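Welcome to this short tour. Keep your viewer open and your selection tool ready, and we will go from stop to stop together.

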Amino acid sequence: MSDSNAKQQVAEPIIEVRGLRKSFHEHEVLCGIDMDVYPGQVVCVIGPSGSGKSTFLRTLNALEEASAGEIRIRGEVLGGDQSDRRARRKRDATLAHQREQIGMVFQNFHLFPHMTALENVTSGPRLVKGTPKAQADKAGIALLERVGLLQKCDAYVSKLSGGQQQRVAIARSLAMSPSVMLFDEPTSALDAEMSGEVLTVMKDVARNGMTMVVVTHELSFASEIADTVVMMEEGVIVESGPPATIFNQPQSERTRSFVRAVASH
(Lines give C-alpha, C1' and ligand atoms only; values in the text may rest on other atoms or scores of the structure.)
Protein backbone atom coordinates (compact mmCIF):
# COMPACT_ATOMS: atom_id res chain seq x y z
CA MET A 1 0.00 0.00 0.00
CA SER A 2 1.37 3.43 -0.92
CA ASP A 3 1.79 6.13 1.73
CA SER A 4 -1.03 8.07 0.07
CA ASN A 5 -3.39 5.09 0.24
CA ALA A 6 -2.41 4.47 3.85
CA LYS A 7 -3.32 8.04 4.76
CA GLN A 8 -6.71 7.61 3.10
CA GLN A 9 -7.35 4.36 5.01
CA VAL A 10 -6.87 5.85 8.48
CA ALA A 11 -8.67 9.20 8.32
CA GLU A 12 -11.55 11.19 6.94
CA PRO A 13 -10.68 13.86 4.35
CA ILE A 14 -9.76 17.33 5.59
CA ILE A 15 -11.05 18.78 2.31
CA GLU A 16 -13.88 17.33 0.21
CA VAL A 17 -14.74 18.90 -3.14
CA ARG A 18 -17.79 17.81 -5.12
CA GLY A 19 -18.99 19.15 -8.46
CA LEU A 20 -17.11 22.43 -8.06
CA ARG A 21 -17.81 25.00 -10.76
CA LYS A 22 -16.70 28.60 -11.11
CA SER A 23 -17.65 31.06 -13.83
CA PHE A 24 -16.57 34.60 -14.52
CA HIS A 25 -19.46 36.11 -16.49
CA GLU A 26 -19.96 33.70 -19.42
CA HIS A 27 -16.59 31.98 -19.06
CA GLU A 28 -16.58 28.78 -17.00
CA VAL A 29 -13.15 28.35 -15.41
CA LEU A 30 -13.89 25.27 -13.28
CA CYS A 31 -16.13 22.66 -14.85
CA GLY A 32 -17.04 20.18 -12.14
CA ILE A 33 -14.07 19.34 -9.91
CA ASP A 34 -14.15 16.40 -7.48
CA MET A 35 -11.28 15.90 -5.04
CA ASP A 36 -10.50 14.63 -1.53
CA VAL A 37 -7.46 15.72 0.47
CA TYR A 38 -6.50 13.61 3.48
CA PRO A 39 -4.54 14.52 6.63
CA GLY A 40 -0.81 14.58 5.94
CA GLN A 41 -1.30 14.28 2.18
CA VAL A 42 0.60 16.46 -0.29
CA VAL A 43 -1.35 17.11 -3.49
CA CYS A 44 0.47 18.90 -6.31
CA VAL A 45 -1.67 20.43 -9.06
CA ILE A 46 -0.03 20.88 -12.46
CA GLY A 47 -1.20 22.01 -15.87
CA PRO A 48 -0.86 24.78 -18.45
CA SER A 49 -1.57 28.44 -17.75
CA GLY A 50 -5.27 29.20 -17.81
CA SER A 51 -6.33 25.71 -16.80
CA GLY A 52 -8.06 26.90 -13.60
CA LYS A 53 -5.42 25.80 -11.07
CA SER A 54 -5.15 29.06 -9.14
CA THR A 55 -8.90 29.65 -9.24
CA PHE A 56 -9.43 26.17 -7.82
CA LEU A 57 -7.00 26.90 -4.99
CA ARG A 58 -8.69 30.22 -4.20
CA THR A 59 -12.10 28.57 -3.92
CA LEU A 60 -10.77 26.26 -1.20
CA ASN A 61 -10.67 29.13 1.28
CA ALA A 62 -13.44 31.20 -0.35
CA LEU A 63 -11.21 33.91 -1.79
CA GLU A 64 -13.30 33.07 -4.85
CA GLU A 65 -16.93 32.07 -4.35
CA ALA A 66 -17.92 28.88 -6.13
CA SER A 67 -20.68 29.14 -8.72
CA ALA A 68 -21.90 25.60 -8.00
CA GLY A 69 -20.86 22.48 -6.12
CA GLU A 70 -19.72 22.03 -2.56
CA ILE A 71 -16.54 22.28 -0.52
CA ARG A 72 -16.34 20.76 2.96
CA ILE A 73 -13.63 21.43 5.52
CA ARG A 74 -13.47 18.63 8.11
CA GLY A 75 -16.99 17.64 7.13
CA GLU A 76 -18.42 21.14 7.45
CA VAL A 77 -19.64 23.05 4.39
CA LEU A 78 -17.28 25.93 3.61
CA GLY A 79 -19.02 29.06 4.91
CA GLY A 80 -21.76 27.03 6.59
CA ASP A 81 -25.35 26.63 5.46
CA GLN A 82 -25.98 28.91 2.50
CA SER A 83 -29.75 28.31 2.35
CA ASP A 84 -30.77 30.86 4.99
CA ARG A 85 -29.87 34.30 3.67
CA ARG A 86 -30.74 35.81 7.06
CA ALA A 87 -27.90 33.90 8.70
CA ARG A 88 -25.16 36.10 7.23
CA ARG A 89 -23.47 36.80 10.55
CA LYS A 90 -23.32 33.13 11.44
CA ARG A 91 -21.91 32.24 8.01
CA ASP A 92 -19.24 34.92 8.31
CA ALA A 93 -18.19 33.57 11.71
CA THR A 94 -18.09 30.01 10.37
CA LEU A 95 -16.00 31.06 7.38
CA ALA A 96 -13.59 33.03 9.57
CA HIS A 97 -13.08 29.96 11.78
CA GLN A 98 -12.55 27.72 8.74
CA ARG A 99 -10.06 30.13 7.21
CA GLU A 100 -7.97 29.92 10.36
CA GLN A 101 -7.51 26.23 9.52
CA ILE A 102 -6.38 26.95 5.94
CA GLY A 103 -3.04 28.69 5.40
CA MET A 104 -2.38 30.35 2.04
CA VAL A 105 0.95 31.24 0.45
CA PHE A 106 0.61 33.39 -2.68
CA GLN A 107 2.83 33.94 -5.72
CA ASN A 108 3.70 37.49 -4.70
CA PHE A 109 4.15 37.13 -0.94
CA HIS A 110 1.39 39.60 0.22
CA LEU A 111 3.44 40.75 3.22
CA PHE A 112 2.90 44.01 5.10
CA PRO A 113 5.72 46.31 3.92
CA HIS A 114 5.53 48.58 6.98
CA MET A 115 6.24 45.65 9.32
CA THR A 116 9.36 43.68 10.13
CA ALA A 117 9.64 39.99 9.32
CA LEU A 118 8.75 39.10 12.90
CA GLU A 119 5.80 41.48 12.97
CA ASN A 120 4.47 39.94 9.76
CA VAL A 121 4.68 36.46 11.29
CA THR A 122 3.06 37.42 14.60
CA SER A 123 0.30 39.71 13.29
CA GLY A 124 -2.16 36.86 12.68
CA PRO A 125 -1.85 35.15 16.08
CA ARG A 126 -2.00 38.49 17.89
CA LEU A 127 -4.84 40.14 15.97
CA VAL A 128 -6.96 37.09 15.09
CA LYS A 129 -6.33 34.71 17.96
CA GLY A 130 -5.52 37.22 20.68
CA THR A 131 -2.15 35.64 21.49
CA PRO A 132 -0.14 37.78 23.94
CA LYS A 133 2.78 39.61 22.31
CA ALA A 134 5.51 37.83 24.26
CA GLN A 135 4.07 34.41 23.41
CA ALA A 136 3.53 35.32 19.75
CA ASP A 137 7.06 36.74 19.48
CA LYS A 138 8.61 33.59 20.97
CA ALA A 139 6.72 31.36 18.52
CA GLY A 140 7.46 33.73 15.63
CA ILE A 141 11.19 33.73 16.31
CA ALA A 142 11.16 29.92 16.34
CA LEU A 143 9.33 29.85 13.01
CA LEU A 144 11.75 32.32 11.40
CA GLU A 145 14.61 30.16 12.64
CA ARG A 146 12.89 27.13 11.11
CA VAL A 147 12.79 28.81 7.68
CA GLY A 148 16.40 29.97 7.99
CA LEU A 149 15.73 33.65 8.74
CA LEU A 150 16.47 34.04 12.44
CA GLN A 151 18.92 36.83 11.67
CA LYS A 152 16.22 38.74 9.74
CA CYS A 153 13.63 39.03 12.54
CA ASP A 154 13.93 42.81 12.74
CA ALA A 155 14.41 43.46 9.02
CA TYR A 156 11.65 45.20 7.09
CA VAL A 157 10.41 43.11 4.20
CA SER A 158 11.53 45.73 1.66
CA LYS A 159 15.11 44.84 2.64
CA LEU A 160 14.62 41.12 1.99
CA SER A 161 15.14 39.21 -1.22
CA GLY A 162 12.19 37.59 -2.95
CA GLY A 163 13.13 34.17 -1.63
CA GLN A 164 13.44 35.52 1.90
CA GLN A 165 10.06 37.24 1.62
CA GLN A 166 8.43 34.01 0.49
CA ARG A 167 9.96 32.17 3.43
CA VAL A 168 8.56 34.84 5.76
CA ALA A 169 5.17 34.27 4.10
CA ILE A 170 5.43 30.54 4.84
CA ALA A 171 6.35 31.24 8.46
CA ARG A 172 3.42 33.66 8.73
CA SER A 173 1.04 30.97 7.49
CA LEU A 174 2.48 28.36 9.86
CA ALA A 175 2.07 30.77 12.77
CA MET A 176 -1.71 30.28 12.61
CA SER A 177 -1.29 26.50 13.14
CA PRO A 178 -3.40 25.60 10.11
CA SER A 179 -4.71 22.12 9.35
CA VAL A 180 -3.85 22.50 5.67
CA MET A 181 -1.68 24.87 3.65
CA LEU A 182 -2.36 26.05 0.10
CA PHE A 183 0.54 27.19 -2.11
CA ASP A 184 -0.19 29.07 -5.34
CA GLU A 185 2.91 28.86 -7.58
CA PRO A 186 5.12 29.96 -4.66
CA THR A 187 8.32 30.04 -6.74
CA SER A 188 7.00 31.53 -9.99
CA ALA A 189 8.35 35.02 -9.21
CA LEU A 190 11.78 33.78 -8.10
CA ASP A 191 15.03 32.89 -9.80
CA ALA A 192 16.47 29.39 -9.56
CA GLU A 193 18.55 29.98 -6.42
CA MET A 194 15.72 31.65 -4.52
CA SER A 195 13.30 28.95 -5.70
CA GLY A 196 15.59 26.34 -4.22
CA GLU A 197 15.52 28.07 -0.83
CA VAL A 198 11.73 28.14 -0.80
CA LEU A 199 11.32 24.55 -2.03
CA THR A 200 13.68 23.33 0.70
CA VAL A 201 11.45 24.95 3.33
CA MET A 202 8.31 23.49 1.73
CA LYS A 203 9.84 20.01 1.76
CA ASP A 204 10.57 20.43 5.48
CA VAL A 205 6.96 21.51 6.09
CA ALA A 206 5.64 18.48 4.17
CA ARG A 207 7.96 16.02 5.92
CA ASN A 208 6.72 17.30 9.27
CA GLY A 209 3.22 16.11 8.36
CA MET A 210 1.49 19.25 7.06
CA THR A 211 -1.38 18.64 4.67
CA MET A 212 -0.62 20.63 1.52
CA VAL A 213 -2.24 21.49 -1.81
CA VAL A 214 0.39 22.99 -4.10
CA VAL A 215 -0.13 24.54 -7.52
CA THR A 216 3.32 24.31 -9.09
CA HIS A 217 5.31 24.15 -12.29
CA GLU A 218 8.23 22.53 -10.42
CA LEU A 219 7.80 18.95 -11.62
CA SER A 220 10.92 17.64 -9.87
CA PHE A 221 9.60 19.02 -6.59
CA ALA A 222 6.20 17.43 -7.20
CA SER A 223 7.87 14.13 -8.05
CA GLU A 224 9.84 14.16 -4.82
CA ILE A 225 7.27 15.39 -2.32
CA ALA A 226 3.73 14.71 -3.62
CA ASP A 227 1.53 11.79 -2.66
CA THR A 228 -0.84 12.67 -5.50
CA VAL A 229 -0.30 14.72 -8.66
CA VAL A 230 -3.37 16.24 -10.33
CA MET A 231 -3.22 17.31 -13.97
CA MET A 232 -5.71 20.06 -14.89
CA GLU A 233 -6.64 21.59 -18.22
CA GLU A 234 -9.56 23.79 -19.27
CA GLY A 235 -11.18 23.58 -15.85
CA VAL A 236 -11.26 19.80 -15.49
CA ILE A 237 -9.02 17.16 -13.96
CA VAL A 238 -7.45 15.27 -16.85
CA GLU A 239 -6.01 12.61 -14.56
CA SER A 240 -4.53 12.14 -11.12
CA GLY A 241 -2.34 9.59 -9.40
CA PRO A 242 1.03 8.97 -7.74
CA PRO A 243 3.95 10.98 -9.16
CA ALA A 244 5.57 7.88 -10.67
CA THR A 245 2.42 7.19 -12.68
CA ILE A 246 1.71 10.76 -13.79
CA PHE A 247 5.29 11.52 -14.80
CA ASN A 248 6.40 8.13 -16.13
CA GLN A 249 3.25 6.31 -17.26
CA PRO A 250 0.46 8.87 -17.75
CA GLN A 251 -2.78 7.60 -19.22
CA SER A 252 -3.60 10.83 -21.04
CA GLU A 253 -1.76 12.02 -24.13
CA ARG A 254 -2.35 15.58 -22.90
CA THR A 255 -0.50 14.81 -19.68
CA ARG A 256 2.35 13.20 -21.62
CA SER A 257 2.77 16.22 -23.89
CA PHE A 258 2.58 18.68 -20.98
CA VAL A 259 5.19 16.82 -18.93
CA ARG A 260 7.51 16.58 -21.97
CA ALA A 261 7.14 20.30 -22.68
CA VAL A 262 7.87 21.36 -19.09
CA ALA A 263 10.78 18.94 -18.72
CA SER A 264 12.41 20.23 -21.90
CA HIS A 265 12.73 23.77 -20.50
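Does Gln165 count as buried or exposed? Select Gln165 and you will see that, with a relative accessibility of 16%, this residue counts as buried (buried is under 20% relative accessible area, exposed over 50%, partly exposed in between, with a 1.4 Å probe and protein chains only).

Before moving on, a word on what you are viewing: this is a predicted model, where local features need pLDDT of at least 70, side-chain atom pairs count only at pLDDT 80 or more, and totals for chains, interfaces and linings use all residues. Residues are numbered from 1 along each chain as its sequence is written, and side-chain values use heavy atoms, with hydrogens and water left out.

Now show helix H6, residues 162-174, where Gln165 sits (helices, H or I with at least four residues, and strands, E with at least two, are DSSP runs numbered from the N terminus). Setting aside neighbours within four places in sequence, Gln165 contacts Phe109, Leu111, Val157 and Leu160 (contact means heavy atoms within 4.5 Å).

Next, select strand E9, residues 228-233. Six of its six residues are buried, so E9 is largely enclosed by the rest of the structure. Turn on the side chains: Thr228, Val230 and Met232 point one way, while Val229, Met231 and Glu233 point the other way.

Add strand E3, residues 42-46, which runs parallel to E9 and is joined to it by four bridges (two strands pair if DSSP finds at least two bridges between them). Look for Val43 opposite Thr228.

Finally, add strand E10, residues 236-241, antiparallel to E9 with five bridges. Glu233 has Val236 as its bridge partner there. Two residues lie between the strands of this hairpin, in which Glu234 takes a positive phi near 50°.
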